Amino acid sequence: MKRSLRPPPRLIKLVLLLQSRPSMTAAELAAELEVSERTITRDALALSEAGVPVYADRGRAGGYRLVGGYRTRLTGLARGEAEALFLSGLPGALRDLGLADAASAARLKVSAALLPSLRDAPDAVGRRFHLDAPGWYQEPETPELLAPIAEAVWDDRWVSTRYRRGDGEEVERELQPYGLVLKAGVWYVCARSGQVFRTYRVDRFAAVAVGEERFTRDEDFDLAAFWAERAAEFARSILRAEVVVRLSEAGARRLPYVTDRAAAEEALAAGTRDAEGRVTATLPVESEEVAFSQLLALGAEAEVLAPAALRARFRDAARAMAESYG
């Protein structure tokens, strides 16, 4: 059997590192490649024997560099690396999906292909911009079955699943997983079940088996548009109660920031304004309990008119606060 002449990935990364910087010490290379300095010495010797002009500068300030402006032709991005590169602003997501190494290799190849005057661009961007996807006050957890689902998404493969619904019941589903979404630290998969597209929380899958059979992707499916539509539907679906509230001008301005923005804006647009500039609006809310915590943030800028039980609760809260503050 003929042996492959393709150099090992570590040697490729070593050449790309040296091509993207004027010089690097053995310690720096070892740290980047997660190997020992002795391995770096052996790799540099192997590259020299293969015709790559790696030169070792001796002494305390020495290091390795490429001689004579050597340029490797190994900078072409592989498919997986190119896909990972678009996620490179999400380091946590890359780790969860098992793509951290692919993204690292892709960034090296891009850096190696840049002109010398532009090679600090990736570092400059990294020092100035960072995307933190998880929400506040919660510790993000990687779902145990995210990796096989991601594998199926990349390869357009059917999956056999056992899914735990919101009521705790487990159901079996044969799914075509079209895409993954990370929302406030929670992973969701958008998948086709029969002829219907649905959204599933990845952490609710009790079992996932990736099949050998591939499905034919519907080219008209738009993941971003599908997610936006489903997210809006979900936000509307949980607003099952209504509260009548009278708001000052300041309260009306702040209402969209303490409750569902779309619901607040629609309620304000349909509301009536009195001679003093106050707006009376009927606001859809998730529940009276949620409405109490949300509208309490508006203080005296909001007056609940109905339902009577919620108005009484605000009256009791106001009295208790007045007593506390004397």
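S193 is part of strand β5, which spans residues 186-193. The model is predicted. At 17% relative accessibility, S193 counts as buried, because the cut-off for that class is under 20%. When neighbours within four places in sequence are set aside, the contacts of S193 are R173, E174, L175, R198 and Y200.

Two helices can be described by their buried residues.

| Helix | Residues | Buried residues | Arc around the axis |
|---|---|---|---|
| α8 | 146-155 | L146, I149, A150, A152 and V153 | 160 degrees |
| α11 | 261-270 | A263, A264 and A267 | 100 degrees |

In helix α8, the residues L146, I149, A150, A152 and V153 are buried. These residues cover an arc of only 160 degrees around the axis, which puts them on the same side of α8. After α8 comes D156, with a positive phi near 55 degrees.

Helix α11 has A263, A264 and A267 as buried residues. Their arc around the axis is only 100 degrees, so they are on the same side of α11. An α-helix has 3.6 residues a turn, and therefore residues three or four places apart point the same way. E266 and A269, on the other side of α11, are exposed. The cover over the buried residues of α11 includes helix α10 (249-258) and β10 (279-285). At the N-terminal end, α11 is capped by D260. A side-chain oxygen of D260 lies 3.4 Å from the backbone nitrogen of A262.

Notes:
Residues are numbered from 1 along each chain as its sequence is written. This is a predicted model: local features need pLDDT of at least 70, side-chain atom pairs count only at pLDDT 80 or more; totals for chains, interfaces and linings use all residues. Side-chain values use heavy atoms; hydrogens and water are left out. Buried means under 20% relative accessible area, exposed over 50%, partly exposed in between (1.4 Å probe, protein chains only). Helices (H or I, at least four residues) and strands (E, at least two) are DSSP runs, numbered from the N terminus. The arc is that of the directions from the helix axis to the C-beta atoms. Contact means heavy atoms within 4.5 Å. A polar contact is a pair of N or O atoms within 3.5 Å; within protein, one must be able to donate a hydrogen and the other to accept it, and residues adjacent in sequence count only if both atoms are side-chain atoms.
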